[in-house]
Each structure stands twice: as structure tokens, then as C-alpha cells.
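User: I'm new to this structure and would like a close look at one part of it, the salt bridges. Could you walk me through them and then show me some of the surroundings?

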Amino acid sequence: MSAMITAELVDLDLAADSKEAAARSLAERMVAAGRVTDLEGFLADVAAREAQMPTGLDGGIGIPHCRSAHVAEPTFAFGRSATGIDFGAPDGPADLVFLIAAPAGADTDHLTILSALARRLMDPEFTAALRTADDPATAAALIAGEPVAEPATAEPETAERVSPEAETIAPAAEGVPQERTFRVVAVTSCPTGIAHTYMAAESLENAARDAGVEITVETQGSAGFKKLPKAAIEAADAVILAHDVEVRDKERFAGKPTVDVGVKAGISRAPELIAEARGKAERGEVTATAHPADRGEAGATADESGEGFGTRLRKWLMTGVSYMVPFVAAGGLLIALAFAIGGYEINAAPSVTEHFIWSEGASWAALLFQIGDTAFTFLVPILAGYIAFGMVDRPGLVPGIVGGAIALTINAGFLGGLVAGLLAGTVVMAIQRIAIPPVLRGIMPVVVIPLISSAVVGFLMFLVVGKPITWLQKQLTDWLNGLTGSNAIILGVVLGLMMCFDMGGPLNKVAYAFAVGGLADPNDGSLKVMACVMAAGMVPPLGLALATTVRGRLFTRTERENGKAAWVLGASFITEGAIPFAAADPLRVIPSAMVGGAVTGALSMAFGCTLRAPHGGIFVVPLIGNPWLYLVAVAAGTVVTAALVVLLKGLRRPAAPEAALPVPDAARTPVAA
């Protein structure tokens with residue numbers, strides 16, 4: 001760990017009044033040390049991670065962290081604040097701030113060391129020593145685990161538990177009589193997999209030791225994923241799942257009393273979770289009764305956490321959309337680039353395998369178009385496959401993708417993919433509920449489930465539901481193609497409202513997916529819809545950027561800084577650029593953005609603007625039909641949003657300066673910008 005932090009990366013007098021300022025101050029030290037290559041890009045990645053979940057922890061600790069392409073090598077920076085900095089912890093500001101930076105492709109050894117530091121932060125002796133360290137070199141040595149004059153690092157037993165060899169699984173109650181010990185297995189995971197995952201594991205292990213409970217923790221993080229031993233799961237009296245991303249192979253715990261919480265609860269409420277797990281076990285509360293093997297090796301049951309069907313359906317559909325979007329971005333932008341080079345007639349070019357001239361621009365345009373067009377052929381199968389994956393995990397992939405491919409074959413299009421994915425998940429669920437003899441359990445996930453589910457889904461798609469869906473898809477296509485006048489304007493208003501209501505949430509994604517689905521079989525109507533959706537999605541961040549420019553006194557200093565970034569985010573079709581403003585003042589910002597989006601959507605439709613690229617913002621304006629009128633529509637919505645925000649904020653007293661809000665990452669994947 002010594003290579004990851006030096007005295008130059010330590011600031012014992014951190015002068016910062018916000019988490020953004022603290023991150024910037026420490027990041028500048030990383031830049032000076034050659035550990036970070038692009039300060040602003042790295043800080044944007046840190047802010048995007050912070051936007052997912054605050055990184056403040058009880059005990060006065062802040063751990064801003066991220067993976068970033070702008071990090072040259074894994075590194076730490078440490079700052080100690082005399083006044084405290086708000087990182088969103090329940091117990092108040094943090095005086096110890098650790099900025100953890102991991103390269104996008106960091107290897108397992110480095111990530112193991114990062115996770116070890118995260119675990120040590122749960123040791124009160126370690127944090128106490130950092131609070132009394134009198135020079136940067138001493139603090140760096142403490143963090144690196146090197147000997148100092150008065151060692152205050154974790155005891156050898158703790159250090160052994162978090163070593164790379166121990167990695168992810170470490171029983172915490174050795175020596176306790178097994179026949180009378182309450183046993184728990186746990187899984188911890190967080191979106192980044194660097195800090196919270198391992199801190200939750202450490203906290204649970206400490207709490208279990210104090211309670212005389214035997215615990216084995218599986219950390220599904222960046223430093224490796226070593227499964228819990230089957231014997232440990234079978235012997236466990238209860239299960240604790242502390243996670244912010246889906247637990248892999250969750251069906252292993254079927255039939256066990258289960259406590260299911262977010263990863264921060266695993267850090268801050270570990271003793272309560274241990275007690276809750278014991279209580280559920282004593283009451284005999286279980287999550288399911290079927291043998292896990294009956295469900296397939298990686299199959300998952302329908303969600304049994306108490307969520308309503310509507311919530312689960314939305315999650316399933318959004319899972320499909322999120323996995324589909326990279327194909328949309330890659331394929332769509334390649335096609336857009338091909339059109340920019342070779343014109344729209346390039347779609348009729350012969351196959352490049354038969355005709356390609358290295359020195360001819362048209363050949364390169366044809367190559368780009370055919371690569372992009374190939375990527376587009378995966379949209380519906382991937383959508384269907386990952387809807388089923390969201391329902392039942394890996395066993396749903398084969399029947400879902402097969403069903404999606406059939407939807408293309410019978411011209412059922414985007415709607416067919418949605419139905420195929422839901423059918424595949426439902427069929428696999430039904431198969432997994434059948435009691436299977438033990439002798440057949442080994443071949444269930446590899447042979448039986450894929451075979452039977454694919455056959456059933458194929459039968460249903462070809463002979464039962466395929467024709468009605470194909471008819472409905474044709475009606476929708478014809479309707480879009482025939483949109484004129486008031487009908488087109490009304491649709492533009494609706495799509496504009498949806499794009500701006502939750503700024504990247506479910507409604508935004510539904511509108512975006514609707515538009516992208518039309519690109520798989522483009523016609524004049526679907527191209528108008530794509531143009532409308534992108535135009536409306538650009539409005540919220542542009543409108544807030546304009547508002548902070550013309551009436552800055554109505555906004556906090558941090559919001560004015562965010563407004564500068566929002567210009568770029570909005571122009572790039574990253575609707576999430578308006579989220580910091582909406583989070584701070586939703587009752588004024590969201591309605592203003594919706595009105596502006598509706599105006600832009602209506603004007604785009606009225607002007608007959610079209611777009612063949614699914615993303616790009618102002619950078620694909622040359623590919624837009626009626627580009628000047630398109631820019632007028634975007635500008636009109638921007639002005640309306642800014643005017644309404646200024647008007648509504650002007651009706652109240654100016655807000656007092658508050659804690660800084662995060663700026664979303666401009667480079668994030670455009671799931672539904």
C-alpha cells in the first residue's frame with residue numbers, strides 16, 4: 001500500500017467548506033504527483049459517484065471515491081479538516097477525508113489493497129491515530145500500514161482478516177462452540193465495489209464478534225468475487241444482504257430467514273441487522289421454500305421483498321433498456337457518422353465484403369453504416385434477453401434472446417421484443433417452481449431450462465402472440481408515419497413532458513426507448529419522434545444553465561458552478577445535468593423544465609424535424625432534418641424553462657448558501673439522456 005500514498009498526498013490542514021472543494025484540493029495533489037491525468041474529468045467521475053449515494057460515514061469519515069479513466073494508477077489522498085465537511089453522514093460532518101482513486105481497469109491486487117483500507121476505516125484505533133498524527137509522513141505511514149513511532153493500526157488479527165489472502169470471506173467467530181453458535185452468512189455490494197462493500201463486511205464481522213455470532217461474508221466487489229461455501233450457506237441460521245446492486249446468485253439463500261438492506265445500513269447499523277436476523281430466525285420467517293437447485297444454477301425467483309408488481313415490472317423493463325442502450329449508442333452513432341460522410345443513400349451500398357476501396361470515402365461510409373446496422377440488429381434480441389434476465393437472472397437469457405430474434409423475424413419489432421422478454425421470464429419462473437428430482441438438478445441450468453423455455457417461447461411467438469403483435473406494430477408504425485398537424489404536436493408535448501419529468505428516470509427512459517425502437521425500422525414518423533425526444537431532453541440543463549447566467553443571485557454559489565457544466569451537458573443531450581437543481585428545489589425546477597420540454601417537443605414536431613441518430617445533441621445537428629428550425633425549438637424551450645425558473649424563484653427570498661450539490665458525469669452512458 002505504500003506506493004499508493006505518500007506524504008505529498010496528505011493534507012493535515014484541509015481548508016475546504018464543501019465536499020466538492022475537498023475533493024478538488026486532494027485531487028490537485030494527485031495531479032501534481034502524476035496519479036491523475038485530467039483534473040476536471042476525474043472530479044466529474046467523483047461527483048457522479050457521489051450522486052449515486054453520499055459517501056459520508058458515521059464517525060466523522062468521508063470517502064469520496066470512483067473508478068476513472070483519468071486515473072493513472074491506484075492511489076489515496078488524505079485530508080484532515082478542523083471544521084468538518086458535510087459528506088451526508090447521519091451523525092454530522094467529516095473531519096477525516098479519504099479520496100480513493102482507481103483506474104477504470106485496475107487489477108485485482110490493487111483493488112484488494114483499496115478494499116483493505118476501506119475495512120481499516122472501521123477500526124476506531126486507526127482513525128484515532130490519524131486524528132492525532134502530527135505530520136504528513138506519519139499519517140501516510142499509518143494509512144500505508146507501515147511501522148511508526150507509536151503504532152495505532154489494526155491489531156494483527158484484524159490485519160490478517162483483511163489481507164489479500166483472506167480477500168472476501170472471513171469467518172468472524174472462531175473458537176466458539178459450533179453447536180451453540182448462531183450462524184449468519186452475508187453478502188455486501190455497492191455500485192463501485194471499492195469502499196462501501198468492504199466497510200460493510202468489516203462492520204458486520206465486528207458486530208457479529210461482539211454478539212457471539214459466527215458470520216461468513218461474501219464481498220461482491222472489485223477485489224474479487226469468491227462465493228460463500230455451500231456448506232456455510234446450508235449451516236446458516238439466517239442471511240444478511242447489504243447491497244445497492246443486485247446480489248449475484250441470490251437464489252442460493254432461498255428458504256433462509258433474510259434481512260435485505262442497503263449497503264450503508266451494513267456499515268452504520270450492523271448490530272441491529274445481526275439482531276434482526278436472529279429475530280427472524282427465531283420466528284421462522286423465510287424468503288422461499290423451493291430448493292435453489294430447482295431454480296437453475298443462477299436462476300432467481302420472482303421478487304419476494306414485498307414490492308408491488310408494477311414496481312417489479314418497471315425494473316424488468318428498465319433492465320432490458322439499460323443493456324440495450326450501448327448497442328443503440330454504438331450502432332446509431334456509427335450510422336450517423338456514415339450518413340455524414342456518404343449521405344443517406346449509403347444505406348443502399350453493396351456489402352463491403354464484396355466491394356471496398358481503401359482510398360474511397362464512400363467505401364468507408366458504407367463500412368461504418370454496415371457495422372452500425374449490424375449492431376442495430378441486436379437491439380430487440382438484447383432488449384428481450386435482458387428483460388428476462390431482470391426477471392430470472394441467467395436462465396432467462398437464452399429464451400429471451402431467442403424470442404427477441406423471432407420478434408424480428410416476424411416483423412413484431414420493438415413491441416415484440418418487450419413481449420418476448422416477459423414471456424421468457426415467466427416461462428422460466430414456471431419451470432423453476434417444478435419439483436425436480438435431485439439426479440436432474442445438475443443439468444437443469446445447462447440443458448433443461450434453456451431447451452424447454454426456448455421451445456415454449458418460440459411456439460408462443462410464432463403461433464400465438466406473434467401475429468397480433470405484428471399487427472399492432474404495423475398500426476403503430478403507420479400511425480407515426482401519418483402524424484401531421486395537431487396530432488403530431490400533441491405527441492410532441494407528451495414526449496417533451498416525459499423527457500423532463502424525472503430527468504433520466506423511468507418516464508424519461510420510456511420516452512427514449514420508444515424513440516429508439518422506431519429507429520430499428522425508420523420511417524418519417526419515427527424519425528420525427530427521435531428528433532423530438534432528443535430536443536426535449538436537452539432543454540432542462542440548458543434552461544437551468546441560462547437561468548444561473550442571467551439571474552445568478554437566485555442560486556447558490558455551487559448551483560452557479562453547476563450551471564457552467566450544465567451548458568455542456570445539455571448541449572450533449574445529458575438531461576441529468578439538471579438533476580442537482582431539481583434535487584435542491586423540485587417544486588420550482590421540475591415544472592419549469594417540463595413546460596420548456598413540452599414547448600420544444602411541440603415545435604420540433606410542428607417543424608417536421610427528423611433525426612436518424614439516437615444521441616449526440618448539437619454534435620449531430622448536420623444530420624437533422626430542418627436543422628435551423630430544430631435549434632429554434634431547443635432555444636425556445638430553453639428560454640421558457642429559464643424564464644419560469646427565474647420567475648418562480650423570484651417569488652421567494654433568495655436561498656442561503658448550502659452544501660454543494662454534485663455535477664453529473666458528462667461521460668456517463670446515455671441511457672435516457
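Analyst: Here is a walk through the salt bridges, followed by a few other places in the chain.

This is a predicted model, so local features need pLDDT of at least 70, side-chain atom pairs count only at pLDDT 80 or more, and totals for chains, interfaces and linings use all residues. Residues are numbered from 1 along each chain as its sequence is written, and side-chain values use heavy atoms, with hydrogens and water left out.

Let's set the scene. The protein chain has 24 helices and 10 strands; helices (H or I, at least four residues) and strands (E, at least two) are DSSP runs, numbered from the N terminus. Of its 673 residues, 54% count as buried, where buried means under 20% relative accessible area, exposed means over 50%, and partly exposed is in between (1.4 Å probe, protein chains only).

Now the part you asked about. Side chains of opposite charge can pair when their charged atoms come close. Here a salt bridge is a side-chain nitrogen of Lys or Arg within 4 Å of a carboxyl oxygen of Asp or Glu, and by this rule the count comes to nine.

Take Glu73 and Arg35: their closest N and O atoms are 3.9 Å apart. This pair links distant parts of the chain, 38 residues apart, with Glu73 in the loop between strand S4 (65–68) and strand S5 (75–85), and Arg35 in the loop between helix H1 (19–32) and H2. Glu73 counts as partly exposed because its relative accessible area is 34%, whereas Arg35, at 9%, counts as buried.

Asp260 and Lys250 make another bridge, with 3.2 Å between the closest N and O atoms. Asp260 sits in strand S10 (residues 258–261) and Lys250 in the loop between strand S9 (238–243) and S10, so to speak distant parts of the chain, 10 residues apart. Asp260 is partly exposed at 36% relative accessible area, and Lys250 is partly exposed at 26%.

Then there's Lys564 with Glu561, where the closest N and O atoms are 3.3 Å apart. Both lie in helix H21 (residues 557–571), three residues apart, about one turn of the helix. Lys564 is exposed because its relative accessible area is 53%, while Glu561, at 43%, counts as partly exposed.

On to the surroundings. Pro54 is in the loop between helix H2 (39–52) and strand S2 (56–57), and at 36% relative accessibility this proline is partly exposed. Leaving out residues up to four places away in sequence, Pro54 touches Phe87, Gly88, His196 and Lys264; contact means heavy atoms within 4.5 Å. Pro54 and Pro64 are 10 residues apart in sequence, and their C-alpha atoms are 8.4 Å apart.

What about helices against each other? The axes of helix H13 (residues 379–392) and helix H14 (residues 397–409) come within 7 Å and cross at roughly 150°; axes are lines fitted to C-alpha atoms, for helices over the stretch in contact, and angles run from 0 to 180 degrees between N-to-C directions. Residues making this contact include Tyr386 and Phe389 of H13, and Ile401 and Leu408 of H14.

Last stop: Val447, in helix H16 (residues 444–464), is partly exposed at 42% relative accessibility.
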